[in-house]
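Me: I have a structure to go through and would like the terms explained as they come up. Please set each value against its cut-off.

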Amino acid sequence: MGKRQLLLMSSSAVHGFGYLEHAEEDLTSFLQQHSVQRVLFVPYALTDHDAYTEKVGSVLRKLGFSCTGIHTQPDPVAAVHAAEAIYIGGGNTFLLLRTLYERQLVAAIRERVLQHGVPYVGSSAGTNVATRSIQTTNDMPIVQPPSFEALALVPFNINPHYIDPDVNGKHKGETRQERINQFHELNESPVLGLREGTALFVDGDRATLVGPHPSVPGECYDARLFRKGQESAVYKVGSDLSFLLKQ
């Protein structure tokens with residue numbers, strides 16, 4: 001997987017920042033280092049494709065990149081084959097994955113990213129579908145995709161928007177940790193819980209946790225890794241997580 005280039009963000013919106021503002025430095029650096037000028041945006045996780053593409057495109061243009069919505073192209077597969085970079089945004093993961101299958105884009109994107117080194121940016125649902133399956137998404141299954149199997153650009157699962165239980169809270173519903181532990185009762189795949197503001201940068205066979213400097217004293221950007229039969233472990237921004245790519 002020496003050609004694989006991924007920036008997998010937990011989210012586009014983070015408290016204390018404007019839309020995508022927390023990721024501007026990492027996003028700009030990631031695209032520039034691959035000489036990207038044009039980004040192919042995939043807005044299928046939301047239903048208003050034009051508005052979503054314009055929202056993301058306005059940020060990308062400010063950073064110096066053009067943005068084209070894949071939904072405007074007569075042949076989505078051909079658009080993927082011609083793309084300099086692919087960006088899949090957040091929304092509903094089930095809707096996103098179903099549409100990727102309907103447009104015959106799962107295999108096409110996987111080939112372009114893994115075999116040709118086309119840079120891939122994911123946010124929230126776009127990060128979910130970059131993993132081996134969408135079984136650890138937080139979203140409601142508003143539609144039924146033909147499979148939970150996703151792009152498999154990495155061989156593990158991610159839980160975007162991860163949040164630890166509030167020890168002082170009164171809510172007694174299942175916590176995110178409990179949900180992930182339930183997943184591990186029947187599945188072996190590690191699950192990386194990405195806290196808001198964090199992202200996983202993958203360069204070939206190396207993976208690094210990245211994120212912004214805290215904007216408020218006391219804020220912490222990190223990730224929690226869950227593995228079946230083991231205690232979860234916290235990794236701070238800057239940590240080397242390359243071992244996850246060897247699963």
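Me: Which residues are buried in helix 5?

Reply: The model is a predicted one. In helix 5, the buried residues are V106, A108, I109, R112, V113 and L114. Each is called buried because its relative accessible area is under 20%.

Me: What covers the buried residues of helix 5?

Reply: The cover includes strand 1 (5-9), helix 3 (76-82), strand 4, helix 4 and strand 5 (120-123). Just after helix 5, G117 has a positive phi of about 70°.

Me: What makes helix 4 mostly covered?

Reply: Helix 4 spans residues 93-102, and seven of its ten residues are buried. They are T93, F94, L95, L96, L97, T99 and L100. Among the elements that cover them are strand 2 (38-42), strand 4 (86-88), helix 5 (106-116) and helix 6 (125-128).

Me: Why are helix 1 and helix 2 called roughly perpendicular?

Reply: Helix 1 (residues 24-32) and helix 2 (residues 49-63) pack at about 70°, and their axes are 11 Å apart. Angles of 65 to 115 degrees count as roughly perpendicular, and helix 1 and helix 2 are therefore roughly perpendicular to each other. Their crossing is right-handed.

Me: Which residues of helix 1 and helix 2 meet?

Reply: From helix 1 come E24, L27, T28 and L31, and from helix 2 come L60, K62 and L63. The residues of this contact divide into four nonpolar, one polar and two charged. Leu counts as nonpolar, and Glu and Lys count as charged.

Me: What does helix 1 touch in the sheet of seven strands, and how do you know which strands are its edges?

Reply: The seven strands form an open sheet in the order 3-2-4-5-1-8-9, with mixed pairing. Strand 3 (66-69) and strand 9 (206-210) are the edge strands because each pairs on one side only. On average, neighbouring strands of this sheet are turned by 20° against each other, direction ignored. Helix 1 packs on the sheet and touches strand 1, strand 2, strand 5, strand 8 and strand 9. The direction of helix 1 makes about 165° with that of strand 1; angles over 145 degrees count as roughly antiparallel.

Me: How do you know that strand 1 and strand 8 pair?

Reply: A pair needs at least two bridges. Strand 1 and strand 8 (residues 199-203) have five bridges, in the antiparallel sense, so they meet the requirement. One of the bridge partners in strand 8 is D203, which stands opposite Q5.

Me: What makes the pairing of the four-strand sheet mixed?

Reply: This open sheet has the order 6-7-10-11. Strand 6 and strand 7 (residues 191-195) run parallel and are joined by four bridges, whereas strand 10 and strand 11 pair in the antiparallel sense over four bridges. With both senses present, the pairing is mixed. N159 stands opposite G193 in strand 7, and K236 in strand 11 is the bridge partner of D222.

Me: Where does G229 lie?

Reply: G229 belongs to the hairpin of strand 10 and strand 11, which has six residues between the strands. Its phi is positive, near 75°.

Me: What does helix 7 lie across?

Reply: Helix 7 (residues 176-186) lies across strand 6, strand 7 and strand 10 (222-226). Helix 7 runs at about 170° to strand 6, and angles over 145 degrees count as roughly antiparallel.

Note on methods: Residues numbered from 1 in each chain as written. Predicted model: local features only at pLDDT ≥ 70, side-chain atom pairs only at ≥ 80, totals over all residues. Heavy atoms only, no water. Axes fitted to C-alpha atoms, helices over the stretch in contact; angles between N-to-C directions. Helix = DSSP H or I, 4+ residues; strand = E, 2+ residues; numbered from the N terminus. Parallel < 35°, antiparallel > 145°, perpendicular 65-115°, else oblique. Left-handed = near helix turned anticlockwise from the far one by under 90°. Contact = heavy atoms within 4.5 Å. Buried < 20%, exposed > 50% of the residue type's maximum accessible area, 1.4 Å probe, protein only.
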